[in-house]
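Visitor: Got a model open here. Can you walk me through it?
Guide: Sure. Here it is.

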Amino acid sequence: MKLLLRGAAVGAVIIVLAVVWAAWPAAGVPILGYHKVSETEEAYSVPPGDFERQMAYLADAGYTAVTMAALVSHLTAGTPLPAKPVVITFDDGYADNYLTALPIMARHGMRATVFVVTDFLGERPYLTWAELKALRAAGTEIGSHTLHHRALPELPAAERLRDLAMSKEGLEWRLDAPVRFLAYPFGSFDAATVAALKATGYRGAVGTMPGLNKPGDDVYALKRINIPRSRFGMLEFRLRLIRANVYFKLGLS
Ligand SMILES: [Zn+2]
């Protein structure tokens, strides 16, 4: 009986230490990957109530939302970031990013980066150009998610270059602001894709590999924590952050 109690006590201590170690902030920056904030049933659609709780959690936990520009400048040149930085990203350019997510983020002092597919703009459920401009005016960083959402490694080289250059220039022209970052459609890229990005003036890109980002990492292969519609509420959101932290500490990301 005594031995059993001691075993249980040792087990409890190990569990507590493991939880503390996992939850302790790591020296890597999380990038969260969202798509839609709406009540629709898709796996990549986060209900507004859940999104509100997630933003409130980040604010309460002391996170400061920073732009891709600030993150990449930190990773490449050591420019300082706030104490607990996080990058909040949205892919595809859904109208709800402006209509629903923006007011929620504003309530919690958060900001985001929205990667749009330029050919989708103007047709529901995507943003209109006017909404995109308003989103940017409200402090949102705009990035490219290509012209047509095709997998970049599968395009012929000339077509790939044209897609990267035209989506960037089209956005820069209409927004009258530099566009420097890209989210790879389907998270898919290869060496030729990265070379094309560099040739067309992009300064970094995000994929779908899980984990955190630290100085010295390849800024054309930034990792992201995917945030789909949750099945287990806030616990699941917190576990996703903790899991990225654990992978990072174990050197798996
Ligand atoms: Zn996409």
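Guide: One term before we start: buried means under 20% relative accessible area, exposed over 50%, and partly exposed in between (1.4 Å probe, protein chains only). Helices (H or I, at least four residues) and strands (E, at least two) are DSSP runs, numbered from the N terminus. This is a predicted model: local features need pLDDT of at least 70, side-chain atom pairs count only at pLDDT 80 or more, and totals for chains, interfaces and linings use all residues. Residues are numbered from 1 along each chain as its sequence is written, and side-chain values use heavy atoms, with hydrogens and water left out.

Visitor: Which residues of α4 are exposed on the face turned away from its buried side?
Guide: Ala106 and Arg107.

Visitor: And which ones are buried in α4?
Guide: Asp96, Asn97, Ala101, Leu102, Ile104 and Met105. Seen down the helix axis, they fall within an arc of 170 degrees (taken from the directions from the axis to the C-beta atoms), so they line one face of α4.

Visitor: What do they pack against?
Guide: The buried residues of α4 pack against β2 (36-37), α2, β5, β6 and α5. Contact here means heavy atoms within 4.5 Å.

Visitor: Switching topic. What coordinates the zinc ion?
Guide: Asp92 through OD, plus His145 and His149 through NE2, at 2.1 Å. Donors are N, O and S atoms within 2.8 Å of the metal (3.2 Å for Na, K and Ca); water is not among the atoms, so sites may look incomplete.

Visitor: What spacing do the donors follow along the chain?
Guide: D-x52-H-x3-H. Asp92 lies in strand β5 (residues 85-92) and His145 in the loop between β7 (141-144) and α6 (157-175), so the pair ties together parts 53 residues apart in sequence.

Visitor: Is Asp92 buried or exposed?
Guide: Buried, at a relative accessible area of 10%. His145 is buried too, at 2%.

Visitor: Now the core. How many residues has the largest nonpolar one?
Guide: It has 36. A nonpolar core is a set of buried Ala, Val, Leu, Ile, Met, Phe, Trp, Tyr and Cys residues joined through side-chain atoms within 4.5 Å. Phe51 is among those with the most contacts inside this core. Leaving aside neighbours within four places in sequence, Phe51 touches residues including Tyr34, Phe90, Ala101 and Ile104.

Visitor: What lies apart from that core?
Guide: Another core, of 26 residues, among them Leu75, Tyr184, Ala205 and Tyr220.
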